[in-house]
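Here is a short report on one protein chain. Look at the picture first, then read on.

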Amino acid sequence: MIINDLSRVFIYSDLWKPENKESKLKTVYSIVKNEIMPIFTSARHLDFTGKLFNVLNAWVDIPDSDKNDVVLTPRYVTDLMAKLAKVNMDSYVWDYAVGSAGFLISSMKLMIQDAKERITSPDLCNKKIVDIKCKQLLGIEKRADIYLLAVLNMILMGDGSSNIIHKDSLKEYTGTYEQGDLNGEKYPANVFLLNPPYSAEGKGFIFVEKALKRMSNGRAVVLIQENAGSGNGLPYTKNILKNNTLVASIHMSDIFYGKAGVQTAIYVFDIGIPHNKKQLVKFIDFSNDGYTRQNRKKSGQETNLKNTDNAIERYDEIVNLVLYGKTYLNYFTEEEYTEDSISLNGADWTFSQHKKINTTPTEEDFKNTVKDYLAWEVSQVLKGERL
């Protein structure tokens, strides 16, 4: 598929024809080789094709984009979600709408890092890294053009062996490996990461239910339209609670600013444990994630995404809050973090539905009220309406 698509560009076009003794292809190749490829040797965690897609998407309309609602998840969010899923060297990660493979790349980075820290033997460590790439990452993508992004991305990350499958994960995929020595065997997934198309049933929760039915344990972390958790994800959200526990609900900032006008949330689940009504769920308001966003098409990320309020530390704190609880509150306040139970009807998962409103007046409230009243009294006197 890659050869067929790229042949139209490199062979059946005039890019190879010399102009002033140099073809356009050579010019582009020189730029890639000298200016782009060195970046990969120093930062192989970059979602290069994902970034490329988002840049092109800002300029070119995608056919049926209103139906396909393709918006690729920012790398700092895929990194966050992989950490929330507690990804380690023994994880088996899959994604049912893989996009440009951002979740798999973030997971692979954490898995390899964990292996290097825990395995002292260089030979055993290298063998584990090969297993991680060949056996422990799997993604399914329905759209051919996006599927190519995922394959190219994994190759550029130094891995051409991950299981990237071109199928409809809802209708065609059966939950097995589809290449290599393990072809046909069940994929033993214990981590599920997803940013589904929100136009799908249940705002995309149909993908979650499908995947979780094939898993017996582990953790799922899903970035989805927030109102899917307040009733729009039914009946899937209700069904999911029958065999899985909602651990956390995170109200996200406007991470798709300029690309999609939806309010999103991250929902975290422990798989294989039916939700107990007594279980306390962590609800977090992450609307202030420390980044200031703009939407200037001709500007780079350093302009469109600025760390203006301890963004890196805030993202680390979210991980600690979800994994370890409120003792890690620092940048966030108790107004932005609460723990509460939910019903089993699958329609009360959002932060706003559990936000604690403090109605007890403080001394500062009293001072402000007196100040406002005195200001009003003075204004009445000055107008001659009060003696």
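## A helix on the inside

Twelve of the 17 residues of helix H6 are buried, so this helix is largely enclosed by the rest of the structure. Keep in mind that the model is predicted. The buried residues of H6 include Gly 102, Phe 103, Leu 104 and Ile 105. Ser 106, Ser 107 and Met 108 are also among them. Further along H6, Asp 114 and Ala 115 are buried too.

How far apart are the end C-alpha atoms of helix H6? They are 25 Å apart. Helix H6 covers residues 102–118, and at 1.5 Å a residue it should span 24 Å, which agrees.

Helix H5 also has a buried residue to look at. Arg 75 is found in helix H5. Its relative accessibility is 13%, so Arg 75 counts as buried, the limit being under 20%. The C-alpha atoms of Arg 75 and Ser 106 are separated by 7.6 Å. Along the chain, these two residues are 31 residues apart.

## Salt bridges

How many salt bridges does the count come to? The count is eleven. Three of them are listed here.

| Pair | Closest N to O | Residues apart along the chain |
|---|---|---|
| Arg 118 and Asp 90 | 3.7 Å | 28 residues |
| Asp 168 and Lys 142 | 3.9 Å | 26 residues |
| Glu 178 and Lys 167 | 3.1 Å | eleven residues |

Take Arg 118 and Asp 90, which form a salt bridge. The pair links distant parts of the chain: Arg 118 is in helix H6, and Asp 90 is in the loop between H5 and E3. Arg 118 has 47% relative accessibility, so it counts as partly exposed. Asp 90 is partly exposed as well, with a relative accessible area of 38%.

Now take Asp 168 and Lys 142, whose side chains meet in a salt bridge. Asp 168 sits in the loop between strand E5 (163–165) and strand E6 (191–194), while Lys 142 sits in the loop between strand E4 (137–140) and helix H8 (144–156). Is each partner buried or exposed? Asp 168 counts as buried, at 11% relative accessibility. Lys 142 is exposed, with a relative accessible area of 56%.

The partners Glu 178 and Lys 167 form another salt bridge. Both are in the loop between E5 and E6. Glu 178 is partly exposed at 27%, and Lys 167 is partly exposed at 26%. Elsewhere, salt bridges that share partners join Asp 90, Asp 114, Arg 118 and Lys 128 into one network.

## Backbone and surface

Some backbone angles deserve a look. Lys 21 has a positive phi of about 70 degrees, although it is not a glycine. Lys 21 is in the loop between strand E1 (18–19) and strand E2 (22–23). With a relative accessible area of 83%, Lys 21 is exposed. Lys 86 is not a glycine either, and its phi is positive at about 60 degrees. Lys 86 lies in the loop between helix H5 (75–84) and strand E3 (93–95). At 45% relative accessibility, Lys 86 counts as partly exposed.

Which residues does a cis peptide bond join? The bond joins Leu 234 and Pro 235, with omega about 0 degrees. Pro 235 lies in the loop between strand E7 (219–225) and H10.

Helix H10 (residues 236–240) contains Lys 238. Lys 238 counts as partly exposed, at 43% relative accessibility. Together, Lys 210, Lys 213, Lys 238 and Lys 242 form a positive surface patch.

Note on methods. Residues numbered from 1 in each chain as written. Predicted model: local features only at pLDDT ≥ 70, side-chain atom pairs only at ≥ 80, totals over all residues. Heavy atoms only, no water. Helix = DSSP H or I, 4+ residues; strand = E, 2+ residues; numbered from the N terminus. Expected span 1.5 Å × (residues − 1). Buried < 20%, exposed > 50% of the residue type's maximum accessible area, 1.4 Å probe, protein only. Patch = residues over 30% accessible without salt bridge, like charges linked within 9 Å, V, L, I, M, F, W, Y side chains within 5 Å. Areas by Shrake-Rupley, 256 points an atom, 1.4 Å probe, with all protein chains shown as cover. Salt bridge = Lys/Arg side-chain N within 4 Å of Asp/Glu carboxyl O. Lys, Arg positive; Asp, Glu negative; His and termini not counted. Charge placed at Lys NZ, Arg CZ, Asp CG, Glu CD.
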